[in-house]
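Dear colleague,

Please find the structure below. My notes on it follow.

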Amino acid sequence: MLRGVTSPVSGPLSGPLLSATGLGMIRGERVLFTGVGLSIAAGESLVLRGSNGAGKTTLLRILAGLTRPETGDVTRSGPHHWFAHREGLKPHETPRTHLGLWSRAWGSESDLDSVLSRMGLKRPADVPARYLSAGQRRRTALGRLLLEQRPIWMLDEPYTALDAEGRDLVLELIEDHLKGGGGVVAAIHGESGFVPTSEVVL
Ligand SMILES: Nc1ncnc2c1ncn2[C@@H]1O[C@H](COP(=O)(O)OP(=O)(O)OP(=O)(O)O)[C@@H](O)[C@H]1O
């Protein structure tokens with residue numbers, strides 16, 4: 001992982017940001033998927049679809065390099081943000097301390113108060129995660145996306161637990177990221193709220 005390095009998202013990038021060929025995965029005795037190929041270039045988005053247990057999270061984990069596929073290859077042209085089901089907040093962490101920690105770890109130049117404000121977290125900024133609502137925890141985790149520019153965003157069910165305003169906020173973040181030349185892969189149940197460049201149905 002490139003730590004403390006801010007990657008320019010816009011700029012002359014040649015080739016895809018992310019590509020995969022021939023991905024196959026087995027879990028237990030079940031073949032989850034075979035022969036999955038995909039590619040996203042700057043400004044493109046891809047939505048993963050499929051019923052519960054179809055393998056969306058598994059595919060995202062493979063794309064992020066967190067799980068090794070049975071077959072196939074993944075190529076990423078730069079660093080990515082990984083946004084998982086679990087927010088990764090410890091019970092004692094507040095939105096400010098959580099984002100502050102990652103900000104320092106990444107050498108972020110983003111203004112923490114601006115990130116908290118953008119995520120609608122000014123009021124609960126100093127409330128420990130164990131007292132935050134599910135949506136506030138989600139917004140805190142999503143705030144990490146704004147701490148460091150990374151060309152590829154991998155989002156697992158980014159709208160979970162969010163109210164209508166939170167959902168609009170995520171949409172705005174995605175749109176801004178795509179306009180800036182980034183790419184997004186997201187596993188989404190139901191309406192994505194945007195027209196993806198492509199879809200993979202598992
Ligand atoms: N580490 C693992 N070991 C064994 N089986 C696993 C493992 N991880 C996932 N599975 C199984 O693989 C299948 C796909 O899981 P996955 O989480 O990728 O599905 P999903 O499409 O993201 O589902 P959902 O929509 O419910 O989030 C499930 O049957 C799950 O139980």
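Is Pro196 buried or exposed? Pro196 is buried, because 20 C-beta neighbours lie inside 10 Å and the cut-off for a buried residue is 20 or more. Pro196 sits in the loop that joins strand 7 (183-187) to strand 8 (198-201). Once neighbours within four places in sequence are set aside, the contacts of Pro196 are Ser45, Leu46 and Val47. Between Pro196 and Gly15 there are 19 Å from C-alpha to C-alpha, for a separation of 181 residues in sequence.

Before the rest, a word on confidence. This is a predicted model. For the complex the predictor reports an ipTM of 0.95 and a pTM of 0.88. The chain has a mean pLDDT of 90, with 93% of its residues at 70 or more. Residues 1-12 have pLDDT below 50, and in the model this stretch makes 21 contacts beyond near neighbours in sequence.

Next, the ligand. The residues around the ligand are Arg27, Gly28, Leu32, Gly50, Asn52, Gly53, Ala54, Gly55, Lys56, Thr57 and Thr58. Helix 1 (residues 56-63) supplies the largest share of this shell, three residues. By class, the shell holds seven polar residues, two nonpolar and two charged.

Two backbone angles are also worth a look. Most residues other than glycine have a negative phi. Glu157 has a positive phi, near 45°, and Ala161 also has a positive phi, of about 75°. Neither Glu157 nor Ala161 is a glycine. Glu157 is in the loop between strand 6 (152-156) and helix 5 (164-179), and Ala161 is in the loop between strand 6 and helix 5 as well.

How exposed are these two residues? Glu157 is partly exposed, because 18 other C-beta atoms lie within 10 Å of its own, and a residue counts as buried at 20 or more and as exposed at 12 or fewer. Ala161 has 14 C-beta neighbours inside 10 Å, so Ala161 is partly exposed too.

When you open the model, I would start with the loop that holds Pro196, between strand 7 and strand 8, then turn to the ligand and the residues around it, among them Lys56, Thr57 and Thr58. The loop with Glu157 can come after that.

Regards

Note on methods
Residues numbered from 1 in each chain as written. Predicted model: local features only at pLDDT ≥ 70, side-chain atom pairs only at ≥ 80, totals over all residues. pLDDT = per-residue confidence, 0-100. Contact = placed C-beta atoms within 7 Å. Helix = DSSP H or I, 4+ residues; strand = E, 2+ residues; numbered from the N terminus. Near = placed C-beta within 6 Å. Nonpolar A, V, L, I, M, F, W, Y, C, P; charged D, E, K, R; others polar.
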